[in-house]
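Student: I have a chain open in the viewer and would like to go through its packing and its empty spaces. Can we take it piece by piece?

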Amino acid sequence: MNVGSTNLWPLLLDAFGQTVQMVLAALALGGFAGLVLGILLYTTRPGNLLSNRTVFTILNIVVNIVRPIPFIIFITAILPLTIAATGSSYGTKAVIFPLAVMATFGTSRIVEQNLVALDPGVIEAARAMGAGPLRIITTVVVPEALGPLILGYTFLFVAITDMSAMAGAVAGGGLGDFALTYGYQRFNYTVTWVTVGVIIIFVQVAQFFGNWLARRVLRR
């Protein structure tokens, strides 16, 4: 795979490494923050463990506002925050910040929806045994929903990979940037399709692992 006399395979490998860095960092940061936010959405619902209509309404509105924003617009919208947090407006490290923020809000809804589906009787049984809210969350709520949560985080992994590709439009590096620079802009469709193939394989491996892990957890 070449453009003129330039061998693109080393550049493709570097771009893949940047994508892996972006996806894993955003998944770790946004996944954890989203788990906390999702638990808060679940527990502050009226009639739930930490019932608080005001807190729930505020969190729910914020999540509903941020989630529908297209990521390519979101990157530019929070550019001042990105610069303040990372010291830069472009590059792989700078893109991780908006990726993690957007992943946080996406994860929160995934977590909330999976926790809402839990059998209320399990929680009531824990309450009857004298367990406090924190103990119920850590030993009952999260473990009971672990299998579906793993599937939800697998979906999140795919979504972050998709967003990381769009980051190429703002010099964010990674496979998206590589495909735009050496494929689209130079009318080299081979580069574009090779990049697409790499992304598909990357996502399929993650999906396979997520499905396998979820099955292991659900069988226990």
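Tutor: What follows goes from the overall fold to the cores, a helix contact, one arginine, the pockets and the cavity. Keep in mind that this is a predicted model.

Student: Fine. How many helices and strands are there in the protein chain?

Tutor: The protein chain has 10 helices and two strands. In sequence order the pattern is β-β-α-α-α-α-α-α-α-α-α-α.

Student: What box do the C-alpha atoms fill?

Tutor: Along the principal axes, the box is roughly 75 × 40 × 25 Å.

Student: And what percentage of the 220 residues is buried?

Tutor: Buried residues come to 41%. As for contacts with a separation of 6 or more, 72% of them join residues 24 or more positions apart.

Student: Now the largest nonpolar core. Which members touch the most other members?

Tutor: That core has 27 residues, and the ones touching the most other members are Phe71, Phe74, Leu99, Met102, Phe157, Ile160 and Met163. Two or more residues each come from helix H1 (9–43), helix H2 (53–66), helix H3 (71–77), H5, helix H8 (146–166) and helix H10 (189–218).

Student: Take phenylalanine 74. What does it touch, not counting residues up to four places away in sequence?

Tutor: Phenylalanine 74 touches Val66, Ile69, Pro98, Val101 and Met102 on that count. A separate core of 14 residues lies apart from the largest one, with Tyr42, Ala126, Ile137 and Ala145 among them.

Student: Is there a general background to such cores?

Tutor: In soluble globular proteins, nonpolar side chains tend to be buried together.

Student: Different topic: H1 and helix H9. At roughly what angle do the axes cross?

Tutor: The axes of H1 and H9 (residues 174–184) cross at roughly 145 degrees and come within 6 Å.

Student: Which residues meet there?

Tutor: H1 brings Leu11, Leu12, Ala15, Phe16, Gln18, Thr19 and Met22, while H9 brings Gly174, Leu175, Phe178 and Tyr182. By class, this contact of H1 with H9 consists of eight nonpolar, three polar and no charged residues.

Student: Next, arginine 127. Where does it sit?

Tutor: Arginine 127 is in helix H6 (residues 120–128).

Student: Why is arginine 127 classed as partly exposed?

Tutor: Arginine 127 has a relative accessible area of 35%, so it counts as partly exposed, a class that runs between the 20% and 50% cut-offs.

Student: What is arginine 127 in contact with, leaving aside neighbours within four places in sequence?

Tutor: Arginine 127 is in contact with Asn48, Leu49 and Ile136. Leucine 49 is 78 residues from arginine 127 along the chain, and their C-alpha atoms are separated by 9.3 Å.

Student: On to the pockets. What is the volume of the largest pocket?

Tutor: The largest pocket holds about 270 Å³. It is lined by 16 residues, and those closest to its centre are Arg67, Met102, Gly106, Phe155 and Ala159.

Student: Which element gives the most to that lining?

Tutor: H5 does, with seven residues. H5 and H8 are the elements that give two or more. The lining of the largest pocket divides into 11 nonpolar, three polar and two charged residues.

Student: And the second largest pocket, what lies nearest its centre?

Tutor: Tyr42, Gly47, Asn48, Pro120 and Ile123 lie nearest its centre, out of 13 lining residues. The elements giving two or more residues are H5 and H6, and H6 has the largest share, with four. The volume of this second largest pocket is about 170 Å³, and its lining has seven nonpolar, two polar and four charged residues.

Student: Last one: how many cavities of 30 Å³ or more does a search of the whole structure find?

Tutor: The search finds one. The largest cavity has about 50 Å³ of space.

Student: What lines the largest cavity?

Tutor: The lining consists of Ile75, Leu79, Thr82, Ser89, Tyr90, Ala94, Val95, Pro98 and Val170. Helix H4 (79–86) and helix H5 (92–116) are the elements giving two or more residues, and H5 gives the most, with three.

Student: How does that lining divide by class?

Tutor: The lining of the largest cavity has seven nonpolar, two polar and no charged residues. Pro98 of this lining is also among the residues that phenylalanine 74 touches.

Note on methods. Residues numbered from 1 in each chain as written. Predicted model: local features only at pLDDT ≥ 70, side-chain atom pairs only at ≥ 80, totals over all residues. Heavy atoms only, no water. 1 Å grid on protein atoms, 1.4 Å probe; cavity = no way out; pocket = protein on both sides within 12 Å on 5 of 7 lines; lining within 4 Å. Points joined across faces, edges and corners; volume = space filled by probe spheres on them. Nonpolar A, V, L, I, M, F, W, Y, C, P; charged D, E, K, R; others polar. Core = buried A, V, L, I, M, F, W, Y, C linked by side-chain atoms within 4.5 Å. Buried < 20%, exposed > 50% of the residue type's maximum accessible area, 1.4 Å probe, protein only. Contact = heavy atoms within 4.5 Å. Axes fitted to C-alpha atoms, helices over the stretch in contact; angles between N-to-C directions.
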